[in-house]
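Welcome! Please take a moment to look over the sequence and the 3D view below before reading on.

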Amino acid sequence: MHCSRVRTAVSARLDGEELPPGVTDGLLDAHLAGCADCRLWSERASALDGLLDRLRGPPHTGAARTGVVISSPSGDPAPSAAYWTDGDRDR
Ligand SMILES: [Zn+2]
């Protein structure tokens with residue numbers, strides 16, 4: 001089996017998709033056992049897949065981050081109560 005076909009199949013398997021026609025788990029594992037390049041590629045693809053899952057994280061984390069950005073678009077804090085009180089005193 002050609003290496004490029006093996007890598008396509010490994011990618012499909014990581015994504016939970018069906019293997020390409022004519023490729024079985026047994027053939028895939030046999031090739032990976034005998035081909036160091038594909039084995040390394042498979043390990044990296046698997047690590048990347050896990051990393052992407054962690055980056056996606058739980059849905060509420062992303063929403064919370066977005067909320068912080070929206071509430072302070074200029075980065076300036078809102079005027080404090082003391083600012084307004086001092087203004088009244090100087091008048
Ligand atoms: Zn290979």
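What follows is a short tour of a metal site, a pair of helices and a loop. Keep in mind that this is a predicted model.

**The zinc site**

Which residues hold the zinc ion? Its protein donors are Cys-3 (SG), His-31 (NE2), Cys-35 (SG) and Cys-38 (SG). These donors lie 2.0 to 2.4 Å from the metal. Along the chain, they follow the spacing C-x27-H-x3-C-x2-C.

What is the geometry of the site? The angles among the four donor atoms are 105 to 115 degrees, and the site is tetrahedral. You may also wonder how many disulfides the structure holds. The count is zero.

**Buried or partly exposed?**

A residue counts as buried if its relative accessible area is under 20%, and as partly exposed between that value and 50%. The table applies this to three of the zinc donors and to a proline we will meet later.

| Residue | Relative accessibility | Class |
|---|---|---|
| Cys-3 | 27% | partly exposed |
| Cys-35 | 14% | buried |
| His-31 | 15% | buried |
| Pro-20 | 18% | buried |

Why does Cys-3 count as partly exposed? Its relative accessibility is 27%, so Cys-3 falls between the two cut-offs. Cys-38, another zinc donor, is buried.

**His-31 and its surroundings**

His-31 lies in helix H2. If you set aside its neighbours within four places in sequence, His-31 is in contact with Met-1, Cys-3, Val-6 and Cys-38. Two of these partners, Cys-3 and Cys-38, are also donors of the zinc ion.

**Two helices that cross**

Two packed helices are described by the angle between their axes and the distance between the axes. Helix H2 covers residues 25–34, and helix H3 covers residues 36–56. Their axes come within 5 Å and cross at roughly 110 degrees. Angles of 65 to 115 degrees count as roughly perpendicular, and H2 and H3 are therefore roughly perpendicular to each other. On the H2 side, the contact is made by His-31, Leu-32, Ala-33 and Gly-34. On the H3 side, Ala-36, Cys-38, Arg-39 and Ser-42 take part.

**A proline in a loop**

Where is Pro-20 found? This residue sits in the loop between helix H1 (3–14) and H2. Beyond its neighbours within four places in sequence, Pro-20 is in contact with Thr-8 and Ala-9. Pro-20 and Ala-9 are eleven residues apart in sequence, and their C-alpha atoms are 6.1 Å apart in space.

Note on methods: Residues are numbered from 1 along each chain as its sequence is written. This is a predicted model: local features need pLDDT of at least 70, side-chain atom pairs count only at pLDDT 80 or more; totals for chains, interfaces and linings use all residues. Side-chain values use heavy atoms; hydrogens and water are left out. Donors are N, O and S atoms within 2.8 Å of the metal (3.2 Å for Na, K and Ca); water is not among the atoms, so sites may look incomplete. Four donors count as tetrahedral if all angles lie between 85 and 135 degrees; four count as square planar and six as octahedral if opposite donors are over 155 degrees apart and all others between 65 and 115; anything else is irregular. Buried means under 20% relative accessible area, exposed over 50%, partly exposed in between (1.4 Å probe, protein chains only). A disulfide is a pair of cysteine sulfur atoms within 2.5 Å. Axes are lines fitted to C-alpha atoms, for helices over the stretch in contact, and angles run from 0 to 180 degrees between N-to-C directions. Helices (H or I, at least four residues) and strands (E, at least two) are DSSP runs, numbered from the N terminus. Angles under 35 degrees count as roughly parallel, over 145 as roughly antiparallel, 65 to 115 as roughly perpendicular and the rest as oblique. Contact means heavy atoms within 4.5 Å.
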